[in-house]
Amino acid sequence: MANIKAIANAIAATIAETPDGAPAGILYAGVMAEIGLPTFDGILTLLDGAGLTRRSGDLLYPTEKLTDALASAKAQNRTV
């Protein structure tokens, strides 16, 4: 069984590292062996709803809230 929290953290971290926009299709290709498309879409919906990301077409962008949360988590040696 896939660790959804770890996958969601990896997706969020990848989006945060691509300020010019992370293509959702490419992100899904990287995790599709672990989770289905509905789960992936659910993770993106949660990230958007929490104000951590924003979407424009197929591209996912980090918000300041996400970059701040990841920086704080890294400083405390934990995950978001």
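**Exercise 1. The packing of helix α1**

Find which elements the buried residues of α1 pack against in this predicted model.

*Solution.* Start with the buried residues of the helix, which are I7, N9, I11, A12, I15 and A16. Now follow their contacts outward. Among helices, they pack against α2 (24-31), α3 (37-49) and α4 (64-75). Strands β1 (22-23), β2 (53-56) and β3 (59-62) are packed against these residues as well.

**Exercise 2. Length and start of α1**

Check whether the end-to-end distance of α1 fits its residue count, then look for a cap.

*Solution.* Helix α1 covers residues 4-16, which makes 13 residues. At 1.5 Å a residue, the expected span is 18 Å. The C-alpha atoms at its ends are 18 Å apart, so the two values agree. Next, turn to the N-terminal end: N3 caps it, with a side-chain oxygen 3.3 Å from the backbone nitrogen of K5.

**Exercise 3. V31: buried or exposed?**

Classify V31 and trace its contacts beyond four places in sequence.

*Solution.* First, place V31 in helix α2. Its relative accessibility is 15%, and the cut-off for buried is under 20%, so V31 counts as buried. Then list its partners beyond four places in sequence: I7 and F40. V31 and I7 are 24 residues apart in sequence, yet their C-alpha atoms lie 7.6 Å apart.

**Exercise 4. The largest nonpolar core**

Identify the residues that touch the most other members of the largest nonpolar core.

*Solution.* The core has 19 residues, and the best-connected are I7, I11, I15, L27, I35, F40 and L47. Helices α1, α2 and α3 each supply at least two core residues, and the largest share, 5 residues, comes from α1. Take I11 as an example: beyond four places in sequence, I11 touches L27, F40, I43, L44 and L47.

Key:
Residues numbered from 1 in each chain as written. Predicted model: local features only at pLDDT ≥ 70, side-chain atom pairs only at ≥ 80, totals over all residues. Heavy atoms only, no water. Helix = DSSP H or I, 4+ residues; strand = E, 2+ residues; numbered from the N terminus. Expected span 1.5 Å × (residues − 1). Buried < 20%, exposed > 50% of the residue type's maximum accessible area, 1.4 Å probe, protein only. Contact = heavy atoms within 4.5 Å. Polar contact = N/O pair within 3.5 Å; in protein donor to acceptor, adjacent residues only side chain to side chain. Core = buried A, V, L, I, M, F, W, Y, C linked by side-chain atoms within 4.5 Å.
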